[in-house]
Amino acid sequence: MTNSLQSGNVIKGILLYADGEERLFFRRGAIFRSEDGKRPELLCRLPGSTVLRFAAKWRPLERLLRREPRFAIRAGDHAYLISWSGGLYRLDVRAKSLRLIQAYRDGMNNPLSIASITSVEGFQDGFLFGDYWGNLQMEETGVYSCDGTKAQKAYAFPAGKIRHVHGLCPDADNARVLICTGDSDAESGIWEARDGFRDVHPLLVGKQQYRTCAVYPVKDGILYATDTPLCDNYIYYYNETTKELTALYALNGPCIFSRRITCEDGRVQYLFATSVEPDSSRSGLRYLLSYRLGKGVHSRHATVVCGSPEDGFREIVRRKKDYWPMVPFQFGNFRLPETEVGTICVVGQSVSKLDGKTLWMETK
């Protein structure tokens with residue numbers, strides 16, 4: 001990466017979304033909106049019982065109960081979609097109201113991400129997300145479309161095919177949506193959907209090398225990072241013309257969250273966050289309370305790597321996992337909210353000195 005980074009500022013709270021007009025962030029059970037130079041404005045408090053509202057005041061308990069929102073995405077003027085605690089909500093900034101528009105299936109707290117679909121031939125503009133839960137019985141797994149006010153099932157993987165959906169990624173240039181699935185070798189892969197999900201077929205399926213949470217269309221192929229605690233992880237480039245898979249950068253752990261960003265000079269860069277996870281070959285309490293790292297996790301530090309296939313990649317953020325157990329109190333990680341051009345924002349999760357806080361950096 002040839003662009004340099006200005007020193008970062010740490011902001012209390014979890015940034016959910018930022019663009020040139022406003023910033024949306026979460027802190028202690030409430031959602032705030034801010035504009036440059038103005039005092040943050042309370043929009044609403046998330047619903048819940050007295051006990052759950054109390055949980056929001058103590059960060060470890062908030063983590064244990066999964067009470068923070070997973071993501072936010074703009075859904076038109078003065079509106080956002082927010083995923084939180086078992087449902088997809090619509091936030092109206094002017095009315096300061098939060099309305100549930102889709103309850104997730106039993107056992108599901110949040111999808112890992114939501115994709116904005118614009119001008120992809122064969123697909124309606126809107127948003128896509130997939131079922132993400134334990135799915136021990138290998139039930140049918142759905143993909144859902146949302147127009148910003150309501151959601152409906154758009155496609156379903158048949159029972160026994162996959163465990164859950166990690167992410168969906170639009171590729172307008174190739175008139176398709178790419179679907180990332182996991183978790184075993186047979187379930188892990190990247191699928192290609194066309195014509196409004198009437199044609200869904202595997203692109204790369206059947207290995208941990210294809211287990212990922214997001215892919216990015218690039219020249220002649222796709223770019224992605226693997227998400228497996230079972231073996232080494234890399235940032236990969238897959239050339240769809242030659243069918244060659246090339247490892248571009250060795251990661252110190254699985255990558256759950258990633259983001260495509262645009263620098264101030266117009267150049268595109270990619271962010272990949274690595275997580276600190278336990279050995280998933282264990283089961284029961286030996287897994288839930290384990291401090292033993294997975295085979296593909298080579299450090300107790302969560303990191304953020306930035307770069308591109310043209311410029312190469314380099315680590316820009318590193319923080320050590322805190323002392324709370326990895327499964328009940330969440331993996332050590334960094335979330336990467338959508339931000340405006342020229343900025344990089346990373347939200348600390350279960351990491352020393354940055355848990356529940358946002359590190360804000362600018363590219364120049």
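E41 is partly exposed, with a relative accessible area of 27%. This is a predicted model, and I will start with the charged side chains. The partner of E41 is R33: their side chains meet in a salt bridge, 3.5 Å from N to O. R33 counts as buried, at 17% relative accessibility. The cut-off matters here, because buried means under 20%. R33 falls under that value at 17%, whereas E41 at 27% is partly exposed.

How many salt bridges does the structure hold? The count is 27. I will go through a few of them.

Take R292 and D279. Their side chains meet in a salt bridge at 3.6 Å, N to O. R292 sits in the loop between α3, residues 285-288, and β24, residues 301-308. D279 is in the loop between β23, residues 268-274, and α3. The pair therefore ties together parts that are 13 residues apart in sequence. As for burial, R292 is partly exposed, with a relative accessible area of 43%, while D279 is buried at 4%.

Next is R318 with E315. The closest N and O atoms of this salt bridge are 2.8 Å apart. R318 is partly exposed at 36% relative accessible area, and E315 is partly exposed at 32%.

There is also a network. Salt bridges link R59, E62, R63, E68, K321, D322, R335 and D355. If you want to find it on the screen, pick out those residues, for example R59 and D355.

One more charged residue, this time with a ring. R23 lies over the face of W360, at 3.9 Å from the ring centre.

Now the backbone. Most residues other than glycine have a negative phi, and most peptide bonds are trans. I have three places to show against that background.

The peptide bond that joins G182 and D183 is cis, with omega at about 20°. D183 is in the loop between β15, residues 176-182, and β16, residues 189-194.

R66 has a positive phi, near 55°, and is a residue other than glycine. Where does R66 lie? It is in the loop between α2, residues 59-64, and β6, residues 71-74. R66 counts as partly exposed, at 26% relative accessibility.

Q330 also has a positive phi, near 80°. Its place is in the loop between β25, residues 312-320, and β26, residues 333-335. Is Q330 buried or exposed? Q330 is buried, with a relative accessible area of 7%.

On to the aromatic side chains. A search of the whole structure finds 18 aromatic pairs. One of them is formed by Y224 and Y236, and it is tilted: 5.7 Å centre to centre, with 35° between the planes. This pair links distant parts of the chain, with Y224 in strand β19, residues 221-226, and Y236 in strand β20, residues 233-239. The two are 12 residues apart. Both Y224 and Y236 are buried.

A further pair is Y249 with F313. The ring centres are 6.3 Å apart and the planes stand at 55°, so the pair is tilted. Y249 lies in strand β21, residues 244-251, and F313 in strand β25. Why does this pair tie together parts that are 64 residues apart in sequence? Because one ring is in β21 and the other in β25. Y249 is partly exposed, with a relative accessible area of 22%, and F313 is buried at 13%.

Ring pairs also build a cluster, which takes in F123, Y155, F157, W191 and F197.

Last, the surface. Which residues make the nonpolar surface patch of about 300 Å²? They are L285, L288 and L289. L285 is in helix α3. This leucine is exposed, with a relative accessible area of 62%. Recall that D279 and R292, the salt-bridge pair from earlier, sit in the loops on either side of α3.

To go back over the main places to look: the salt-bridge network that includes R59 and K321, the cis peptide bond between G182 and D183, the ring cluster that includes W191, and the patch with L285, L288 and L289.

Definitions and conventions:
Residues numbered from 1 in each chain as written. Predicted model: local features only at pLDDT ≥ 70, side-chain atom pairs only at ≥ 80, totals over all residues. Heavy atoms only, no water. Salt bridge = Lys/Arg side-chain N within 4 Å of Asp/Glu carboxyl O. Buried < 20%, exposed > 50% of the residue type's maximum accessible area, 1.4 Å probe, protein only. Helix = DSSP H or I, 4+ residues; strand = E, 2+ residues; numbered from the N terminus. Phe/Tyr/Trp six-rings, centres within 6.5 Å; stacked < 30°, edge-to-face > 60°. Lys NZ or Arg CZ within 6 Å of the ring centre and 35° of its normal. Patch = residues over 30% accessible without salt bridge, like charges linked within 9 Å, V, L, I, M, F, W, Y side chains within 5 Å. Areas by Shrake-Rupley, 256 points an atom, 1.4 Å probe, with all protein chains shown as cover.
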